[in-house]
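This briefing is meant to be read with the structure open beside it. Please look at the model first, then work through the points by topic.

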Amino acid sequence: MLPLQGLLRGTFFPNLSNVKARGHHIRRSREESGIGLTEFARRVDISPSYLSRIERDQVSPSPAVIRRIAIELRKERGIRAAIAEITVEEAGSSDAQSPH
């Protein structure tokens, strides 16, 4: 597994600004982990209403929030897989790197 400090600083995924979170994947992963919305929001340091809006694809979280969500969801799989699962490259972005 990758060191968390590198992920938090963005050194492993410097192009997260070119991705969009996939809210339904975040919700599914959170629910499969058995973590409630309020508790998960507390763990990633955002409000429950903001997390709900992310999960319903009403807002696009910052790269920092995407990183914190991925770290919290990483469980059995690697952080890169978690980021790949909850993000999708935005259309027209040619400089985004795949997290694989």
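The points below cover a pair of helices, a nonpolar core and some individual residues.

The model is predicted, not determined by experiment. One topic is how helix H2, residues 23-32, meets helix H4, residues 48-55. Another is the largest nonpolar core, which has 17 residues. The remaining topics are the buried side of H2 and residues with positive phi, such as Asp 45.

**How H2 and H4 meet**

- Two packed helices are described by an angle and a distance, both taken between their axes.
- The axes of H2 and H4 come within 7 Å and cross at roughly 120°.
- An angle between 115 and 145 degrees counts as oblique, and H2 and H4 are therefore oblique to each other.
- On the H2 side, the contact is made by Gly 23, His 24, Ile 26, Arg 27 and Arg 30.
- On the H4 side, Leu 51, Ser 52, Ile 54 and Glu 55 take part.
- Sorted by class, this contact has three nonpolar, three polar and three charged residues.

**Two residues of H4 at this contact**

- Glu 55 is located in helix H4.
- Is Glu 55 buried or exposed? Its relative accessible area is 3%, and the cut-off for buried is under 20%, so Glu 55 is buried.
- Outside its neighbours within four places in sequence, Glu 55 is in contact with Gly 23, His 24, Ile 26, Arg 27, Arg 30 and Leu 37.
- Glu 55 and Arg 27 are 28 residues apart in sequence, yet their C-alpha atoms are 5.6 Å apart in space.
- Ser 52 is also part of helix H4.
- With a relative accessible area of 16%, Ser 52 is buried.
- Which residues does Ser 52 contact, leaving aside neighbours within four places in sequence? They are Arg 27 and Leu 37.

**The buried side of H2**

- The buried residues of H2 are Gly 23, His 25, Ile 26, Ser 29 and Arg 30.
- These buried residues cover an arc of only 160° around the axis, so they sit on the same side of H2.
- An α-helix has 3.6 residues a turn, so residues three or four places apart point the same way.
- After H2 comes Gly 34, which has a positive phi, near 75°.

**The largest nonpolar core**

- Of the 17 residues in this core, Ile 26, Phe 40, Ile 46, Ile 54, Ile 69 and Ile 86 touch the most other members.
- Two or more residues each come from helix H3 (37-43), H4, helix H5 (63-73) and helix H6 (79-86).
- Which element gives the largest share of the core? H5 does, with five residues.
- Not counting residues up to four places away in sequence, Ile 46 touches Ala 41, Leu 51, Ile 54, Val 65 and Arg 68.

**Positive phi in two loop residues**

- Asp 45 lies in the loop that runs between H3 and H4.
- The phi of Asp 45 is near 60°, a positive value in a residue that is not glycine.
- Asp 45 has a relative accessibility of 63% and counts as exposed.
- Asp 57 belongs to the loop between H4 and H5.
- For Asp 57, phi is near 60°, again positive in a residue other than glycine.
- Asp 57 counts as partly exposed, at 36% relative accessibility.

Conventions:
Residues numbered from 1 in each chain as written. Predicted model: local features only at pLDDT ≥ 70, side-chain atom pairs only at ≥ 80, totals over all residues. Heavy atoms only, no water. Axes fitted to C-alpha atoms, helices over the stretch in contact; angles between N-to-C directions. Helix = DSSP H or I, 4+ residues; strand = E, 2+ residues; numbered from the N terminus. Parallel < 35°, antiparallel > 145°, perpendicular 65-115°, else oblique. Contact = heavy atoms within 4.5 Å. Nonpolar A, V, L, I, M, F, W, Y, C, P; charged D, E, K, R; others polar. Buried < 20%, exposed > 50% of the residue type's maximum accessible area, 1.4 Å probe, protein only. Core = buried A, V, L, I, M, F, W, Y, C linked by side-chain atoms within 4.5 Å. Arc of directions from axis to C-beta.
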